[in-house]
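Thanks for coming, everyone. Please bring the structure up on your screens, and we'll walk through a few parts of it together.

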Amino acid sequence: MNLDLNVFSSILLFSGSFNLFVALLLFQRLEKRLKPFSYIMIAISIWALGYGVQLSSHTYNQILFSTYLEYVGIASTPALWQIAIIRFIGKEKWLAGNRLALIFLIPVTTMVLLLTNEHHYLYYSTLELVQYRGMAFLEITKGPWYMVNTAYFYTMLLWGLYLLVAQFKIDDKIYKKQRNVIVLGALGPWLFNVTYQVGYKPFLYLDLTPYAFILTSIIVSLGFFRYKLFEFAPIAKEKVFDVIQEGVLVLDRLDRVASMNPEMRHILKHVSMDIIGQDAKAVFPGNQEFQGLVSSQKNRGLELELWDEEKLRTFSVSSTSMFEDQLYTGKIIIFRDVTEFYAREKMRLLMQKKDDFLSIASHELKTPLTTMKGYLKIAEGIADKLEDPSCRDFIRKAGKQTDKLAGLINDLLDVSKIESGKMQYHLEDFPISEVIEDCIDFANNTSSNHIVVLEGNSDLQVRADRNRLEQVICNLLSNAIKYSPESPVVSINVSQHGSFCHVSVKDLGIGIPRQKHEQLFQKFYRAENVEQRFAGLGIGLFIANEIVLRHGGKMTIDSEEGKGATFSFLVPLATEAH
Ligand code: ADP
């Protein structure tokens with residue numbers, strides 16, 4: 001390609017490249033809704049660059065080639081302008097389906113007819129190379145499609161301006177500023193183009209339109225960077241109406257349905273008739289309360305239950321009447337889906353009731369149980385005196401069951417204490433061996449078939465609540481015994497772990513499937529492999545874990561189904577012990 005630069009072409013080539021650079025920057029920065037404006041800038045840059053090359057060319061072929069390049073910009077500008085405006089005013093749905101293709105139909109036809117012009121002369125009827133002031137130009141006569149393309153160009157321009165001015169009703173100042181910049185930015189160069197088209201040519205063959213366009217494009221884009229003009233994308237009011245998550249029904253002054261948003265349409269999908277224009281009372285004909293809300297000019301609210309496929313949904317319905325000069329003009333009825341909220345609230349109340357019941361029931365059970373234990377003690381004394389071994393045995397068994405019952409009730413009470421945050425902890429320093437020995441005694445009393453082996457350094461001094469720590473270890477030991485009926489050895493290991501004492505209780509029993517480990521510390525959770533065979537409530541581990549957590553420690557599980565289980569936890573060492 002041979003370029004003979006001159007003032008006219010240099011200006012275009014330089015400003016076209018600069019504009020292209022700014023357009024690419026904007027393309028990256030602008031948000032989706034405003035992005036098409038950067039496409040227009042790219043098209044204008046191509047137009048300017050194409051014309052710049054044309055003005056630096058002398059041969060017929062090179063001028064023709066640069067015209068093709070120029071036309072990529074010229075033909076696509078009006079289509080891109082349409083898209084940019086439609087996006088800007090928030091009517092994206094106008095671009096759905098094949099409408100986008102329709103917008104590009106004329107630009108594509110223009111390009112095809114231009115490229116094949118020498119076969120039909122529909123775009124340019126004649127083309128002739130002329131020389132003027134040392135430069136070469138193509139002198140053309142306009143063909144029929146040239147007219148179509150020009151008409152398309154202006155129609156699209158006017159249509160876009162109409163949309164901007166008439167359809168885009170928005171009150172916020174910043175959006176008005178944006179709109180005005182776009183309107184002025186578009187009007188300037190187009191006025192130039194009109195004058196060119198009607199024959200005003202101060203430099204004879206020179207078309208000044210690309211100069212005007214490129215100038216405006218640069219000014220507008222620099223305006224963007226300087227004043228951050230386009231950082232706020234406007235949201236058309238109808239758009240808000242469309243996307244709002246509540247169902248909105250608008251009634252006119254005669255209480256007929258004037259309009260509704262898509263969500264409302266969804267809520268009313270069971271209503272077979274087209275309700276626009278109908279009396280709103282007909283929407284729920286059997287519902288007196290709704291009829292009342294519709295007829296009243298006061299703002300009202302009610303609850304409505306509606307079927308949505310197989311689900312019953314609850315809506316909180318509220319009406320707001322509108323007045324102009326004290327005359328009633330209609331009302332807005334809003335349907336808010338509160339199904340989930342109600343379900344959650346119901347569940348919360350139910351849980352609350354359950355917790356209250358547990359707390360009250362276990363308190364009430366504790367008193368007669370304490371009395372029973374007292375009487376059993378007296379009965380034991382009497383049986384000793386009577387020297388009746390079977391009677392003594394029965395009383396001993398009754399005592400054991402009473403202890404079990406007391407244990408369960410204490411656990412339930414602990415759960416409600418934990419839930420209400422009322423569990424008290426009395427921290428003191430003591431050797432953990434004291435607690436462990438008591439727990440081993442307790443375990444030996446529980447089962448004569450098991451032996452508990454103590455390993456590691458049990459002399460470590462810990463800082464903890466003695467009774468609560470005992471509760472944790474006893475729970476782990478009794479679980480280890482309960483869930484390993486076939487394996488007699490249970491081991492307890494104590495070691496130092498930084499500033500913590502690490503305690504682990506290991507058995508070789510039924511184990512726990514890996515995927516259930518996370519749920520084990522949940523209240524009332526019991527794994528499937530124990531449910532039928534072993535008695536229990538599923539709260540021991542929940543309490544133990546809470547106690548460990550409150551001591552600043554952590555409980556972990558290592559287990560596989562059928563291969564035994566090891567439960568470990570950390571409890572802080574006494575300060576002087578580390
Ligand atoms: P409970 O023993 O009363 O069911 P826990 O809260 O103490 O309640 O234990 C919860 C569940 O954890 C048990 O039901 C059981 O599924 C599982 N589990 C606890 N310890 C062991 C263990 N040593 N071996 C196997 N499973 C265990």
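**A hairpin, a sheet and a cavity**

Let's start at a turn. Strands β13 and β14 form a hairpin with five residues between them, and there Gly 562 has a positive phi near 85°. Keep in mind that this is a predicted model.

Now the two strands themselves. β13 and β14 run antiparallel, and five bridges join them. Take two of the residues in β13. Thr 556 has Ser 568 of β14 as its bridge partner. Asp 558 is bridged to Thr 566, again in β14.

Those two residues, Thr 556 and Asp 558, make up the uncovered face of β13. The covered face consists of Met 555, Ile 557 and Ser 559.

Let's step back to the sheet. In what order do its five strands stand? The order is β9-β11-β12-β14-β13, in an open sheet with mixed pairing. The edges belong to β9, residues 451-456, and to β13. Each of these has a single partner strand, so one side of each has no neighbour in the sheet. From one strand to the next, the twist averages 20°.

Two helices come into the picture here. One is α15, residues 432-446, which packs on the sheet. Helix α15 touches β9, β11 (489-497), β12 (500-507) and β14. The direction of α15 makes about 160° with that of β9.

The other is α17. This helix lies across β13 and β14, and runs at about 135° to β13.

Let's stay with α17. Why can we call this helix largely enclosed by the rest of the structure? α17 spans residues 540-550, and eight of its eleven residues are buried, so the rest of the structure largely encloses it. Here is the list: Gly 540, Leu 541, Phe 542, Ile 543, Ala 544, Asn 545, Ile 547 and Val 548.

What do they pack against? Two helices, α14 (389-420) and α16 (466-482), and two strands, β13 (555-559) and β14 (565-572).

Pick out Asn 545 from that helix. Its relative accessibility is 11%, so Asn 545 counts as buried, the cut-off being under 20%. Leaving aside residues up to four places away in sequence, Asn 545 touches Phe 521 and Met 555. We met Met 555 a moment ago, on the covered face of β13.

After α17 comes Gly 552, with a positive phi near 85°.

Now to another part of the chain, and to empty space. Rolling a probe the size of a water molecule over the atoms shows where such space is left. How many cavities of 30 Å³ or more does the count give? Three. The largest has a volume of about 330 Å³.

Who lines that largest cavity? There are 21 lining residues, and the closest to its centre are Phe 37, Ile 40, Met 41, Ser 217 and Val 220. Four helices each supply at least two residues of the lining: α2 (36-55), α3 (60-88), α8 (173-197) and α9 (209-227). The largest share, six residues, comes from α9.

And the chemistry of that lining? It divides into 16 nonpolar residues, five polar and no charged.

That's the tour. Questions, please.

How values were computed. Residues are numbered from 1 along each chain as its sequence is written. This is a predicted model: local features need pLDDT of at least 70, side-chain atom pairs count only at pLDDT 80 or more; totals for chains, interfaces and linings use all residues. Side-chain values use heavy atoms; hydrogens and water are left out. Buried means under 20% relative accessible area, exposed over 50%, partly exposed in between (1.4 Å probe, protein chains only). Contact means heavy atoms within 4.5 Å. Two strands pair if DSSP finds at least two bridges between them. Axes are lines fitted to C-alpha atoms, for helices over the stretch in contact, and angles run from 0 to 180 degrees between N-to-C directions. On a 1 Å grid over the protein atoms alone, a cavity is a set of points where a 1.4 Å probe fits but cannot get out, and a pocket is an open set with protein on both sides within 12 Å along at least five of seven lines; lining residues have an atom within 4 Å of a point. Grid points are joined across faces, edges and corners, and a volume is the space filled by probe spheres set on the points. Ala, Val, Leu, Ile, Met, Phe, Trp, Tyr, Cys and Pro count as nonpolar, Asp, Glu, Lys and Arg as charged, and the others, Gly among them, as polar.
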